[in-house]
Amino acid sequence: MNDIFKLDEPETDFNPLDEAVDEFLKSSIPEPSFIDDLNPEQRQAVETTEGPVLVLSGAGTGKTKVLTTRVAYIIHQKKALPWQILAVTFTNKASKEMKSRLERLIGADAFSVWLGTFHAIGIKILRKFAEKVNLTSNFIVLGTDDQERLLKNLMQEAGVDIKKYTPAGLLEIIQRWKDKGLLPEQVTSAHQTTFCNGRALYFYKQYQQKLSSLNAVDFGDLLLLPLALFQSHPDILAHYQQQFKYILVDEYQDTNVAQYLLLRLLAKKYNNICCVGDDDQSIYSWRGAKVENILNFKTTFPDAVIIRLERNYRSTRHILGAASGLIANNSGRLGKTLKPANEKENQGEHVLVKGFYNGNQEAEYIVETIESEQKKGVLLSDMAILVRATFQTRLFEEVLMRHGVSYKIIGGFKFYEREEIKDAIAYLRLILNTDDDLAFMRIVNKPKRGIGPQAMDALEQTTREKHISLFDAIGWASLRPAVRKTLDSFVLTIKRARELLQTESPADVAKTLLEESGYIQMWRLDKSPEAEGRLENIRELYTVLSDFEDIQSFIEYTSLVMDTDENVTDDQLVVMTLHASKGLEFYEVFLAGWEEGLFPHQKTLDETGDVGLEEERRLAYVGMTRAKRKLTISFAHNRRMYGQWINALPSRFIEELPQQHIQTDTYFHRSEQQGYQASTPAWGCGYSGSRKPKRYGTHVQSFDFDDDVDTQQDERPVSRWDRESLTSTPSDYFIPRKQISYRTVASSSSRRVGRRVRHETFGAGTVVREDGERLDIRFDSGQIKKIMARFLEEE
DNA sequence: GGGTTGCCCGTTTTT
DNA sequence: CGGGCAACCC
């Protein structure tokens, strides 16, 4: 009976009476039953529909539940129609998940909600108003490889030394500008870089022009161009502002400036914006994300309500305690402590911290443990090995294979990033649009057709003279007869495939095209071991393609969605990076490779210092909070890297774990005779106060921040692992002090707590806390004083 | 135009 | 160690 009250269409002007109607409706509609599933905080987050709301949602506290229920609630309460709600996520996975959960709550209405990734929403808006930003609505979205190729061309034309200044580096800079919402003309000296003698901005301009002439955009443009559109066309902005009565944002801690600006613009009229996020899980700053967005929410939206979700439904007390203790070392947090949802919950096992002599033993131990867990009935798919860097997965792959454990590596190469898939897509792009020069360049000589730099030069010259595409230039350029012949037949193949589009299914067109062009044959003749796999991938592509109406939408899908749906059918163990693990959970988690230099990663420390260190710590926190019942953290003293043995010390994060929640276990060292032997727990847990472990004999000193180290800081570029300290065989644990690669860590000057210092009048002491340049020193006399760093010298 | 050699470099990566 | 790439030679 409430159906008679229909809300206004968005195009009509705002009518003050609507509010009265809304009020009335609200009071007359009973609370939906799905509200009962929520705890009090979640319920508040759902029911506080009006005004800005920030939901600080810790790991495992039910944020997706809050988001979906909130959408359902708004619709149920008839506060808005489904299409008046905008809900944005970061990943396709998250938006898919939300969509299906929403459907379970409210049925088909779920599909009318504007629910998708930022980029998908951006593309939707851009397609509609493409001509306002110098595009036509069938523009294509370029991937990284195309972007780099474009930039490389531009740079080479300008005579830049590609070795010194890489296209990838330039792309990075341009992307960061786009992340900030800056068009070329908006880049000011404040954003300038020294890259390429300050010519980065010039290339940015060129690049944008090139994109426009190709009728193409990149990922950054999917946010930047809508933003520009809104700025230059207030009427269009007003339309969307009017439409989106309620806005919901997932993973708010990972939004960049462009996304922030978009949200702020869109929310301006109704001011009903609900952002869900966790500042402690912000791990993408290197990709332009700004934690500040979430930290300053209250400033952006002054009347914001902040709701904390701290009841964790995932992990045991020990896991939560250890993770909380670790993250407490970060400064500038909004502050939040995870509590187990069930108070009576038993503590579970302590977090196990294990040290190994080398990486192989570490991997061996983890895999063996996994096997024994499996025997006890734990599914492989309930366990995960998480690592910092992708190269670490290789070792696990090897060991898992040897043990015959079924596994899956996530991260690394995505389906649509594989060479053969990108080639196949380039062929498809070319038949859809022969003006797609980038696609043309990619495959014109794949398979080899004898098209070398010379022929390409001829084509490019014709292109410039006649203002036509490379493909069309074939008919005009002066080419050697042999080249002419092969190119003419190439043109014919493409044109034939184009005609087939009318009659055949997308998959059949692709099959014919790739067969007739000789592309398939190229891999068939290839006798390298991976050729068969590539052919298989192409067959997989046909399968995916058969789900699409037309090739156009398939291409859009591939450019927006990175991977194919993983077949989750088998019981497989996953090995993946910490980054990739965000949002997932497992019964048992192994966090491997917690060593200084690797985790926290040296490059991060070198480049972004303490800020980077905190992000690494958040990454550790993300990893730890993936575990439901069991968590093992491990490190190895020696690790094979770049074909050499590298030695390192346990990660500082290990020391930061609160003792009461962890159990340190057997540590291996090399026995004098043969093989490796376990020794009794040398890896004590009693050194959290001072940095000196108490029970360890000579090697203890390696935990000290060395003193003479810092003197080197200025002369020597600090590389990740000190190459001079490399040895070709695994070094013993009792490493001569000079060889310890830890020195590079200390010299990064990223952290001073724990160091021994000397003050002119107060004498020697230890740094116990640091706050920028102000250090708290506990002097040997017992007194603690705040001293500026410049008055201290390293002892 | 195409194959080979030698040099450099080595995080994380939705969209 | 191993992939990618540019310079180099056939």
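This is a short tour of the protein surface near DNA strand B, ending at a charged residue in one of its helices.

Before you start clicking, note that the model is predicted, with local features needing pLDDT of at least 70, side-chain atom pairs counting only at pLDDT 80 or more, and totals for chains, interfaces and linings using all residues. Residues are numbered from 1 along each chain as its sequence is written, chains are lettered from A and ligands numbered from 1 in the order written, and side-chain values use heavy atoms, without hydrogens or water.

**Stop 1: the surface.** Select DNA strand B and the residues near it, meaning those with a heavy atom within 4 Å. You should find 31 residues, of which Asn92, Arg287, Thr390, Lys414 and Thr577 come nearest. Colour them by type: 9 are nonpolar, 13 polar (Gly counts here) and 9 charged (Asp, Glu, Lys and Arg). On the DNA side, 55% of the strand's atoms within 4 Å of the protein belong to sugar or phosphate, and the rest to bases.

**Stop 2: polar atoms.** Zoom in on Asn92, where a polar side-chain atom sits 2.5 Å from a phosphate oxygen of DNA strand B. Next, pick Thr604: an N or O atom of its side chain is 3.4 Å from a base nitrogen of the strand. At Glu607, a polar side-chain atom lies 3.2 Å from a base oxygen of DNA strand B. Now show α19 (453–466) and α27 (602–624), the elements that give two or more residues to this surface.

**Stop 3: Glu614.** Stay in helix α27 and select Glu614. Which residues does Glu614 contact, leaving aside neighbours within four places in sequence? They are Asn329, Asn330 and Ser331 (contact: heavy atoms within 4.5 Å).

Note on methods:
A polar contact is a pair of N or O atoms within 3.5 Å; within protein, one must be able to donate a hydrogen and the other to accept it, and residues adjacent in sequence count only if both atoms are side-chain atoms. Helices (H or I, at least four residues) and strands (E, at least two) are DSSP runs, numbered from the N terminus.
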